Amino acid sequence: MTIEKEQRLREKLLPEIEAFKAERSTLQLATQDADGVPNASYAPFALADDGFYILVSELARHGTNLKASKQLSVMLLEDEAEAKTVFARKRLTFDATAELVARDSETFTKGVAALSARFGEMIDNLAGLGDFNLFKLNPHHGLYVKGFGQAFSLSGAELLDVDWKRDGHHGTPKTDIAQDDLELAEAAN
């Protein structure tokens, strides 16, 4: 792909991805405990300029898991009722590191303020409870799937580097796919 086409793809996709994130209120979490046992859950989130913030109770399994293992996978998922087909729902997944935010830090104030602006005074009440912890999720590699044959790898410090995954979600690029396929994918969207 030429630099020019990469730039056009980035200019088209990044605003779409940002809008997709803004439309979601919760994210799905895949965490693991100290023994590596996985757990799927969800949490309301707020997005600030430095990452995703979640406020979770350490009484909840995912709250305990985030303290035991900082590595997790996150997914934002299109609602089934909005999807053209349930087999290819739009989704943004990323690998992340969870950072426990100290209560007496500016980051804590910032994260709680972002959550409170999005969800109201309930956040202020929960943040005052001793069992609730604020975590900042720092993404480091992601995948945005728009539909069949439309998967885009995201990387870089803020997931701003985009690469069209023409071979599906995994593997190495197929060399027999014509450049016209990229233009068709761009035109279809």
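How many helices and strands does the protein chain have? The protein chain has five helices and nine strands, where helices (H or I, at least four residues) and strands (E, at least two) are DSSP runs numbered from the N terminus. The model is predicted, so local features need pLDDT of at least 70 and side-chain atom pairs count only at pLDDT 80 or more, while totals for chains, interfaces and linings use all residues. Residues are numbered from 1 along each chain as its sequence is written, and side-chain values use heavy atoms, with hydrogens and water left out.

Along the sequence, the elements follow the pattern α-β-β-β-β-α-β-β-α-α-β-β-β-α. Of the 189 residues in the protein chain, 40% count as buried; buried means under 20% relative accessible area, exposed over 50%, and partly exposed in between (1.4 Å probe, protein chains only).

**Helix H1**

Helix H1 covers residues 3-23. Its 21 residues should span 30 Å at 1.5 Å a residue, and this agrees with the 30 Å between its end C-alpha atoms; the expected span is 1.5 Å times one less than the number of residues. The buried residues of H1 are Lys-5, Leu-9, Leu-13, Leu-14, Ile-17, Phe-20 and Lys-21.

**Strand E7 and its partners**

Strand E7 runs from residue 132 to 147 and is mostly covered, with 13 of its 16 residues buried. Two strands pair if DSSP finds at least two bridges between them. The pairings of E7 are set out below.

| Partner of E7 | Sense | Bridges | Residues standing opposite |
|---|---|---|---|
| E4 (residues 51-57) | antiparallel | six bridges | Tyr-53 and Lys-136 |
| E6 (residues 91-100) | antiparallel | ten bridges | Ala-98 and Leu-137 |
| E8 (residues 150-155) | antiparallel | five bridges | Ala-151 and Val-145 |

Leu-137 of E7 also stands opposite Phe-52, in addition to being the bridge partner of Ala-98. In a regular strand the side chains alternate between the two faces of the sheet.

E7 and E8 form a hairpin with two residues between the strands, and in this hairpin Gly-149 takes a positive phi near 70°.

Lys-146 also lies in strand E7. This lysine counts as buried because its relative accessibility is 13%. The side chain of Lys-146 makes a polar contact of 3.2 Å with that of Glu-16. A polar contact is a pair of N or O atoms within 3.5 Å; within protein, one must be able to donate a hydrogen and the other to accept it, and residues adjacent in sequence count only if both atoms are side-chain atoms.

**Strand E4 and the E3 hairpin**

Seven of the seven residues of E4 are buried, so this strand is largely enclosed by the rest of the structure. Besides its pairing with E7, E4 is joined to strand E3 (residues 46-48) by three bridges, and the two run antiparallel. Ala-48 stands opposite Gly-51 in E4, and a hairpin joins E3 to E4 through two residues.

**A nonpolar surface patch**

Val-86, Phe-87 and Phe-148 make a nonpolar surface patch of about 400 Å². Val-86 is placed in the loop between strand E5 (71-77) and E6. Patches are made of residues with over 30% relative accessible area and no salt bridge, with like charges joined within 9 Å and nonpolar side chains (Val, Leu, Ile, Met, Phe, Trp, Tyr) within 5 Å. Accessible areas come from the Shrake-Rupley method with a 1.4 Å probe, and for residues only the protein chains shown count as cover. A salt bridge is a side-chain nitrogen of Lys or Arg within 4 Å of a carboxyl oxygen of Asp or Glu.
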